[in-house]
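Cysteines can be joined in pairs within a chain. Look at the model below and find where this happens.

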Amino acid sequence: MLNSCSVDNEIDSSIDNNENLAIDASSENFRYNQSILNNSDCNSCDGKVSILTLKYTGDMAVVVKVVQQKGEVVKNSLVFPNGEFTVYGVAKKNTLSPKLFFYKNNTLNTMIHTSCSIPIGPGLVSGDFVVVSGESRNGGILCPVDVMPEEEEEDEDPIIID
């Protein structure tokens, strides 16, 4: 078991050596990862998403329920506007199912693909949620995605209905 002094010493050593370090300090999980801090070690999604942190962008507090494709609930809690929450993979190989369904107060808000078949990473917006960070099983830390808003085509001759 690590005490706080040994944890601090190991963290200082890791910072000096620019290494990755994972520590389980008894009552709380603490993860220090230099590559997260400088965001230089991100990769494309590979092998399904294993961890996903999202921000709720709605304007009122709601109960957010996140359900995997086969009905397993991986999150069910009160979330406030601009609040962040994390879902962890509980399927095979500690990954999330290929699709996650996000409910607000028991009403479906959106679905996010987590199978790596389409781009996923920080910046992805879906419904009232924005991906803040995540990791995939084989690729590690997810890189930000380039999400361009859909441009509406303008009709040169609009149809007028009386």
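The questions below deal with the disulfides of this predicted model.

Q: How many disulfides does the structure hold?
A: A disulfide is a covalent bond between the sulfur atoms of two cysteines. C42 is bonded in this way to C143, and C45 is joined to C116. The number of disulfides in the structure is 2.

Q: Which pattern do the disulfides of the chain follow?
A: The bonded cysteines are counted along the chain. One disulfide is formed by C42 and C143, and another by C45 and C116. The pattern is 1-4, 2-3.

Q: Is the disulfide of C42 and C143 right-handed or left-handed?
A: The sulfur atoms of C42 and C143 lie 2.1 Å apart. The torsion about their S-S bond is about 95 degrees, so the disulfide is right-handed.

Q: How many residues apart are C42 and C143?
A: C42 sits in the loop between α2 (34-38) and β3 (49-56). C143 belongs to the segment after β11 (140-141). The pair links distant parts of the chain, and the separation is 101 residues.

Q: Is the disulfide of C45 and C116 right-handed or left-handed?
A: The S to S distance between C45 and C116 is 1.9 Å. Because the torsion about their S-S bond is about -50 degrees, this disulfide is left-handed.

Q: Is C143 buried, partly exposed or exposed?
A: Buried means under 20% relative accessible area, and exposed means over 50%. The relative accessible area of C143 is 22%, so C143 is partly exposed.

Key
Residues are numbered from 1 along each chain as its sequence is written. This is a predicted model: local features need pLDDT of at least 70, side-chain atom pairs count only at pLDDT 80 or more; totals for chains, interfaces and linings use all residues. Side-chain values use heavy atoms; hydrogens and water are left out. A disulfide is a pair of cysteine sulfur atoms within 2.5 Å. Helices (H or I, at least four residues) and strands (E, at least two) are DSSP runs, numbered from the N terminus. Buried means under 20% relative accessible area, exposed over 50%, partly exposed in between (1.4 Å probe, protein chains only).
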